Amino acid sequence: MKTKLAHVRVNVKNLDEAIDWYESTLGFKIAATWPPEKPNYAHFEAGNGATFAIMEHEDYPSLGRLNFNTDDVEALWIELKDNVNVIEELFSTPYGSRKFTITDLYGNELGFVQD
């Protein structure tokens, strides 16, 4: 059986605050929210890879870590490091990549990796 990861979601306490943080801090762009009458879910433009989404839910943060590939991890690190909660500073991994890890407003772990 072959599989392909197509969609991931993390839970947040407040959808509006989280959308603002993901857009203003990370530069993500909203693709859609749901349901129309009172959204509690939003997903962002995807590019190449899985769709990333957030959902207002009482069980936050979500357990686990999401790693996003980037083509210039050094520049992203310089841009973000003083404005976010850092879990792991930028470092070289034993397998040849460079990465750092932060949390969003609600403690969800987000890694940024350059191979």
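A salt bridge is taken here as a side-chain nitrogen of Lys or Arg within 4 Å of a carboxyl oxygen of Asp or Glu. On this criterion the side chains of Glu-88 and Lys-99 form a salt bridge, with an N to O distance of 3.9 Å. Glu-88 belongs to strand S6 (residues 85–92) and Lys-99 to strand S7, so the pair ties together parts that are 11 residues apart in sequence. The two partners fall into separate accessibility classes. Glu-88 is partly exposed, at 25% relative accessibility, whereas Lys-99 has a relative accessible area of 7% and is buried. Buried means under 20% relative accessible area, so the value of 7% places Lys-99 in that class. The structure is a predicted model, and the values reported here are computed from it.

In the whole structure, 4 salt bridges are found. One of them joins the side chains of Glu-109 and Arg-65, with 2.8 Å from N to O. Because Glu-109 lies in strand S8 (residues 109–114) and Arg-65 in strand S5 (residues 65–69), this pair ties together parts that are 44 residues apart in sequence. Glu-109 is partly exposed, with a relative accessibility of 26%, and Arg-65 is also partly exposed, at 33%. A salt bridge is likewise present between the side chains of Arg-98 and Glu-74, where the N to O distance is 2.7 Å. Arg-98 is located in strand S7 (residues 98–103) and Glu-74 in helix H2 (residues 73–80), so parts 24 residues apart in sequence are tied together by the pair. Arg-98 is partly exposed at 26% relative accessibility; for Glu-74, which is partly exposed, the value is 35%. Salt bridges further link Arg-65, Glu-88, Lys-99 and Glu-109 in a network.

Charge is also grouped at the surface. Asp-16, Glu-17, Asp-20, Glu-23 and Glu-56 form a negative surface patch. Helix H1 (residues 15–26) supplies the largest share of this patch, with 4 residues. Glu-17 is placed in helix H1 and is partly exposed, with a relative accessible area of 45%. Glu-23 is likewise found in helix H1, where its relative accessibility of 34% makes it partly exposed. Membership of a patch requires over 30% relative accessible area and no salt bridge, so the values of 45% for Glu-17 and 34% for Glu-23 satisfy the area cut-off. The C-alpha atom of Glu-23 is 9.2 Å from that of Phe-44, and the two residues are 21 residues apart along the chain.

Helix H1 also contributes to the interior. The largest nonpolar core comprises 26 residues, and those with the most contacts inside it are Tyr-22, Leu-26, Phe-52, Ile-54, Phe-100 and Leu-110. Two or more residues of this core are given by each of strand S1 (7–12), H1, strand S3 (41–44), strand S4 (51–56), S5, H2, S7 and S8. The largest share, 6 residues, comes from H1. Helix H1 thus provides the largest share of the negative patch as well as the largest share of this core.

Two peptide bonds that precede proline are in the cis form. Most peptide bonds are trans. The bond from Trp-34 to Pro-35 is cis, with omega near -10°, and Pro-35 is located in the loop between strand S2 (30–34) and S3. A cis peptide bond also joins Tyr-60 to Pro-61, with omega about -10°; Pro-61 is in the loop between S4 and S5.

Further positions were examined around strand S3. Ala-46 is placed in the loop between S3 and S4 and is partly exposed, with a relative accessible area of 35%. The C-alpha atoms of Ala-46 and His-7 are separated by 9.4 Å, and these residues are 39 residues apart along the chain. His-43 lies within strand S3 and is partly exposed at 22% relative accessibility. Between His-43 and Asn-69 the C-alpha to C-alpha distance is 18 Å, with their positions 26 residues apart in sequence.

Notes
Residues numbered from 1 in each chain as written. Predicted model: local features only at pLDDT ≥ 70, side-chain atom pairs only at ≥ 80, totals over all residues. Heavy atoms only, no water. Patch = residues over 30% accessible without salt bridge, like charges linked within 9 Å, V, L, I, M, F, W, Y side chains within 5 Å. Areas by Shrake-Rupley, 256 points an atom, 1.4 Å probe, with all protein chains shown as cover. Lys, Arg positive; Asp, Glu negative; His and termini not counted. Charge placed at Lys NZ, Arg CZ, Asp CG, Glu CD. Buried < 20%, exposed > 50% of the residue type's maximum accessible area, 1.4 Å probe, protein only. Core = buried A, V, L, I, M, F, W, Y, C linked by side-chain atoms within 4.5 Å.
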